[in-house]
Amino acid sequence: MKEKMEWISFEIDEREMFEKHLNEMSKQGWNIVGMTADYILYKEADEVKEYIIDICENPNKKDAYRIDKNVQKQIEMYEEFGYTFVCNFINFLVFDSNGQERMIHTDEEIEIRLIEEAKRKSRIRFVIIPTIILIGVILIFAILSQEYLLYVLSSTYSLLLPILVIIVN
């Protein structure tokens, strides 16, 4: 069986887009077997699956694959409804629906809180950090250009001083 790695990532507020992407890949003959922050691993398959993604609260931020007791209970509950757990990463739980209607509904309060937290981190990553870097670069150029200006002025002054002494005398 062939395997395929796709370099792609989805944020927590892109759950529906992620779901559609996985289902489209399955229609093309590629079923998900795992994922990380930057890529998804697929295996070639003849069977078309319909994936459903749930968002969970992962208390263990250091180990993105670790499943705590509450998440394990959530997985077991979905399996009782006929879903098959496929894989997880941080806040995403991926299930094969086994042809059933969508019965998974993320707790809205948890989903809203997790999305707001992700947006706050995104602002830090894509706005605040680049702004601090830009200010640092501007300050470095300002300091360097000031030293260069002082050098030029002092050089010019040292050349002009004998001329001024001659003119004054």
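## Exercises: two sheets, three helices and a pocket

Strand 3 (39–44) and helix 3 (108–168) each supply at least two residues to the lining of the largest pocket. The model is predicted. Work through the tasks in order.

**Exercise 1. Describe the largest pocket: its volume, its lining and its main contributor.**

Solution.
- Step 1: Take the volume. The largest pocket holds about 540 Å³ of space.
- Step 2: Take the lining. There are 22 lining residues. Nearest the centre lie Phe10, Glu11, Ile12, Ile90 and Asn91.
- Step 3: Sort the lining by class. It has 13 nonpolar, six charged and three polar residues.
- Step 4: Find the main contributor. Helix 3 gives the most, with five residues.

**Exercise 2. Find where confidence is lowest and where it is highest.**

Solution.
- Step 1: Start with the whole protein. Its mean pLDDT is 79. Of its residues, 75% reach 70 or more.
- Step 2: Go to the elements. Helix 3 has the lowest confidence, at a mean of 67. Strand 2 (residues 30–35) has the highest, at 95.
- Step 3: Apply the rule. Where pLDDT is low, predicted coordinates should not be read in detail.
- Step 4: Look back at the pocket. Helix 3, with its mean of 67, supplies five residues of that lining.

**Exercise 3. Work out the strand order of the sheet that holds strand 1, and name its edges.**

Solution.
- Step 1: Write the order. This open sheet of three strands runs 1-3-2, with antiparallel pairing.
- Step 2: Name the edges. Strand 1 (3–7) and strand 2 each pair on one side only.
- Step 3: Add the twist. Neighbouring strands are turned by 30 degrees against each other on average, direction ignored.
- Step 4: Check one pairing. Five bridges join strand 1 to strand 3. Glu3 has Lys43 of strand 3 as its bridge partner.
- Step 5: Add the helix. Helix 1 (residues 15–27) packs on this sheet and touches strands 1, 2 and 3. Its direction makes about 25 degrees with that of strand 3.

**Exercise 4. Treat the sheet with the order 4-6-5 in the same way.**

Solution.
- Step 1: Read the pairing. This open sheet is antiparallel.
- Step 2: Name the edges. They are strand 4 (51–55) and strand 5 (84–89).
- Step 3: Add the twist. Neighbours are turned by 25 degrees on average, direction ignored.
- Step 4: Check one pairing. Strand 4 and strand 6 (residues 92–96) share five bridges. Ile53 has Val94 of strand 6 as its bridge partner.
- Step 5: Add the helices. Helix 1 lies across strands 4 and 6, at about 155 degrees to strand 4. Helix 2 (residues 69–80) packs on the sheet, touching strands 4, 5 and 6. Its direction makes about 20 degrees with that of strand 6.

Methods
Residues are numbered from 1 along each chain as its sequence is written. This is a predicted model: local features need pLDDT of at least 70, side-chain atom pairs count only at pLDDT 80 or more; totals for chains, interfaces and linings use all residues. Side-chain values use heavy atoms; hydrogens and water are left out. On a 1 Å grid over the protein atoms alone, a cavity is a set of points where a 1.4 Å probe fits but cannot get out, and a pocket is an open set with protein on both sides within 12 Å along at least five of seven lines; lining residues have an atom within 4 Å of a point. Grid points are joined across faces, edges and corners, and a volume is the space filled by probe spheres set on the points. Helices (H or I, at least four residues) and strands (E, at least two) are DSSP runs, numbered from the N terminus. Ala, Val, Leu, Ile, Met, Phe, Trp, Tyr, Cys and Pro count as nonpolar, Asp, Glu, Lys and Arg as charged, and the others, Gly among them, as polar. pLDDT is the predictor's confidence in each residue, from 0 to 100. Two strands pair if DSSP finds at least two bridges between them. Axes are lines fitted to C-alpha atoms, for helices over the stretch in contact, and angles run from 0 to 180 degrees between N-to-C directions. Contact means heavy atoms within 4.5 Å.
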